[in-house]
Amino acid sequence: MAATPPSAARNVLGTVLQPCSFDPLTGWYRDGCCRTDAHDHGSHVVCCRVTVEFLNRQLEAGNDLITPRPGFRFPGLKPGDQWCVCALRWREAYEQGYAPPVVLESTHERALDFVPIDWLRRAGAPVPRR
């Protein structure tokens, strides 16, 4: 599966996928969007606002999202940052009661292969004012 061009990618609401974050720069392609392709085995398609609890629980599970790794163009995350996370990691957090809020407009439709839309809607974050 090739990457969907940014202009054709859809979100879980069925509309055009919106950017998740440019600061920090996120996405499988580090283009700010939660787009994916066949090489993205983690399916980094859920745009969320990370929380202290999510970051700490991921660290405990061996998924360090806090420590910067410049070689991978990863700045390290702090609470409140928006980031494209692995769909199954987000699902696990939801099932355990600590899922961070989801930005629905910026969550790729592929997330629906892993997470029910009702769960994503329940965790939906308010859209920030621009």
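Is D81 buried or exposed? D81 is buried, with a relative accessible area of 8%. I start there because buried here means under 20% relative accessible area, and D81 has a charged partner to account for. That partner is K78: the two side chains meet in a salt bridge, 3.1 Å from N to O. K78 itself is exposed, at a relative accessible area of 53%. So this salt bridge joins an exposed lysine to a buried aspartate. Before I go on, please keep in mind that this is a predicted model.

Now the other salt bridges. The count comes to six, and I will take two more of them. One is between D31 and R35, where the closest N and O atoms are 2.8 Å apart. Here R35 is the buried residue, with a relative accessible area of 9%. D31 counts as partly exposed, at 23% relative accessibility. Another is between D113 and R110, whose side chains meet at 2.7 Å, N to O. In that pair D113 counts as exposed, at 55%, while R110 is partly exposed, at 26%.

Next, the helices, beginning with α1, residues 52–60. Which residues of α1 are buried? They are F54, L55 and Q58. These residues cover an arc of only 95° around the axis, which puts them on the same side of α1. As for what they face, the buried residues of α1 pack against β2, residues 82–86, and α2, residues 87–95. Just after α1 comes G62, which takes a positive phi of about 95°.

On to α2. Its buried residues are A87, W90 and A93. Seen down the axis of α2, they fall within an arc of 125°, so they line one face of the helix. What covers them includes β1, residues 44–49, along with α1, β2 and α3, the last being residues 117–122. α2 is therefore on both lists: the buried residues of α1 pack against α2, and α1 is among the elements covering the buried residues of α2, each side being a single face by the arc of its buried residues. After α2 there is again a glycine to point out: G97, just past the helix, has a positive phi of about 85°.

β2 comes up once more, in the largest pocket. How many residues does β2 give to the lining of that pocket? It gives four, the most of any contributor. The pocket has a volume of about 370 Å³, and 18 residues line it. Those nearest its centre are R30, H44, L65, F74 and W83. By type, the lining divides into nine nonpolar, four polar and five charged residues.

Last, a residue from the start of the chain. L13 lies in the segment before β1 and is partly exposed, with a relative accessible area of 35%. What does L13 touch, leaving aside residues up to four places away in sequence? It touches L104, E105 and R121. To tie this back to the opening pair, L13 and K78 are 65 residues apart along the chain, and their C-alpha atoms are separated by 27 Å.

To return to the opening question, D81 is buried at 8%, and its salt-bridge partner is K78. That is what I have.

Definitions and conventions
Residues numbered from 1 in each chain as written. Predicted model: local features only at pLDDT ≥ 70, side-chain atom pairs only at ≥ 80, totals over all residues. Heavy atoms only, no water. Salt bridge = Lys/Arg side-chain N within 4 Å of Asp/Glu carboxyl O. Buried < 20%, exposed > 50% of the residue type's maximum accessible area, 1.4 Å probe, protein only. Helix = DSSP H or I, 4+ residues; strand = E, 2+ residues; numbered from the N terminus. Arc of directions from axis to C-beta. Contact = heavy atoms within 4.5 Å. 1 Å grid on protein atoms, 1.4 Å probe; cavity = no way out; pocket = protein on both sides within 12 Å on 5 of 7 lines; lining within 4 Å. Points joined across faces, edges and corners; volume = space filled by probe spheres on them. Nonpolar A, V, L, I, M, F, W, Y, C, P; charged D, E, K, R; others polar.
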